[in-house]
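Visitor: I am new to this one and would like a close look at a single part. Could you walk me through how the helices pack against one another, and what lies around them?

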Amino acid sequence: MICDNLGVAENGHLTFAGRDTVELARKYGTPLYLMDEEKIREKCRIYLTAMKESFGENALPLYASKAASFKQVYRIAKEENIGIDVVSAGEICTAVAAGFPMDRAYFHGNNKTDADIEYAIKNDVGCFVADNLEEIDAVDRISAELGTCSKILIRITPGIDPHTYDEVATGKVDSKFGSAIETGAAEEITKYALSKKNIDLYGFHCHVGSQVFDSDVYFKTSDVMLKFIAKMEKEEGFKTRELNLGGGYGVRYVESDPIIDIAENIALVGKILKEKCDELGIEVPAIRMEPGRSIVADAGLTLYTVGSVKQIPEYRNYVSIDGGMTDNPRFALYKSDYTVLLANKINAESDFKCSVVGRCCECGDIIQENVKLPSSVKRGDIIAVLTTGAYNYSMASNYNRVPRPPIVMLAKEREYIAVRRESLEDIILNDL
Ligand SMILES: *Cc1c(COP(=O)(O)O)cnc(C)c1O
């Protein structure tokens, strides 16, 4: 199995976090998001421990909460003593409602509105990751109006192609995010921020992309960023206090994805970083990383009920389930890989090739193509899609007025509903 929280019970049912998934489907109904609380905590601890060991006591992992944003996940992040990154007033509001210490929150995004900025300052968000000149102006102006000085990092594009798929390759020069070193924009925005009275520039941020399996990307990024930092220190007398390396260690969606030892990788990055700082004669800044999917992805699993099996001779077979792109749009968006299993017949031979499709009125509503399921698959069977903890619930929609599934958390001693199932009343709540 692709993660150690999966197993097979004696009755041939898939288990997740030590529970029979078929029983959970019966108890809570489908579609159903399950989350393994211990796995989330384990990942938080791996990052926190490894980062402090490798970068020093002032290092801090920030959970990139766009991967999965709901109150309980922020409570867990708080209890595990890590920080968060947020990208909207909605995520800030959720974290505040969960009682998260907002001084450990970093506010991202390439187009923060004045209202967003004011909301963030009033809610004591610790740091703005400023994307552009207009934002620097706005943060400075609004901070002055509110009688405060805001901590910021500047988002830089180091110009590195992370060799992942284009949609998440955000560190290249051609990007809607940040300012490129290569074009001189990074230097310009740094000087600009330093000239502002109500802005306290702490340092820099970069994020080269997601689903990164190789620390090479971080070596290259550190190299480019530290050279820039050294240049700013020499030419502008600006001493960088914080460097944020972004997110992105990969997770295993399918068996062919590599296994990655996060702690080992961070140790390597730490070693390279120290060497480069020595070489350049600068102090090692406080390091931040922003893992999103690698904190929550394999802590999640989605269960569905099969509704129909359609065989089209010489073309393909379709297995329709009671969810789809409304709860997991990632195949529709960028053909993401997922492992799909028949949860109630794990031991049966899987030789029936099919597309597992959702129930939206949309041909592209596909969860996965070329899936192998047992040929006995039929209405009422339970389908499990693995590794859905990241970018599933957070990307869910009400397209076709489909209510969103609930999130049931599986902890060591208890299981509980963290997000309740949307009802039809919820669907019409805002209709006047
Ligand atoms: C999305 C994002 C992350 C997290 O990426 P993952 O692949 O989920 O780890 C981190 N930082 C920034 C700026 C992001 O946009």
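Guide: Here is a tour of the helix packing, followed by a few stops elsewhere in the chain. The model is predicted, so to speak of local features we need pLDDT of at least 70, and side-chain atom pairs count only at pLDDT 80 or more, while totals for chains, interfaces and linings use all residues. Residues are numbered from 1 along each chain as its sequence is written, and side-chain values use heavy atoms, with hydrogens and water left out.

Two packed helices are described by the angle between their axes and the distance between the axes. Let us begin with helix α9, residues 262-280, and helix α8, residues 216-236. (Helices are DSSP runs of H or I with at least four residues, strands are runs of E with at least two, and both are numbered from the N terminus.) The axes of α8 and α9 come within 10 Å and cross at roughly 25°; axes are lines fitted to C-alpha atoms, for helices over the stretch in contact, and angles run from 0 to 180 degrees between N-to-C directions. That angle makes α8 roughly parallel to α9, since under 35 degrees counts as roughly parallel, over 145 as roughly antiparallel, 65 to 115 as roughly perpendicular and the rest as oblique. The crossing is right-handed, meaning that the near helix is turned clockwise from the far one by less than a right angle, with anticlockwise being left-handed.

Where do α8 and α9 touch? Contact means heavy atoms within 4.5 Å. From α8 come Y218, F219, S222, D223, L226, K227 and A230, and from α9 come L268, V269, I272, L273, K276, C277 and L280. By class, this contact has 10 nonpolar, 1 polar and 3 charged residues. (Ala, Val, Leu, Ile, Met, Phe, Trp, Tyr, Cys and Pro count as nonpolar, Asp, Glu, Lys and Arg as charged, and the others, Gly among them, as polar.)

Helix α9 also packs with helix α2, residues 37-55: their axes come within 8 Å and cross at roughly 25°. That makes α2 roughly parallel to α9, and this crossing too is right-handed. On the α2 side you will find I46, Y47, A50, M51, S54 and F55, which meet I262, A263, I266, A267, V269, G270, L273 and K274 of α9. The residues here divide into 11 nonpolar, 2 polar and 1 charged.

Now return to α8, which has helix α7 (residues 185-194) as another neighbour: the axes come within 12 Å and cross at roughly 50°. α7 and α8 are therefore oblique to each other, in a right-handed crossing. A186, E187, T190, K191 and L194 of α7 meet F228, K231, M232, E235 and E236 of α8. In this contact, 4 residues are nonpolar, 1 is polar and 5 are charged.

Two loops are worth a pause. Most residues other than glycine have a negative phi, and most peptide bonds are trans. In the loop between β11 (199-205) and α8 sits Q211, whose phi is positive, near 55°. P31 lies in the loop between α1 (21-28) and β4 (32-36), and the peptide bond from T30 to P31 is cis, with omega near -10°.

Last, step back to the domains, whose bounds come from an automatic or database domain assignment. That assignment gives domain 1 as 6-36 + 297-427 and domain 2 as 108-291. Their centres, taken over C-alpha atoms, are 36 Å apart, and the contact takes 7 residues from domain 1 and 6 from domain 2.
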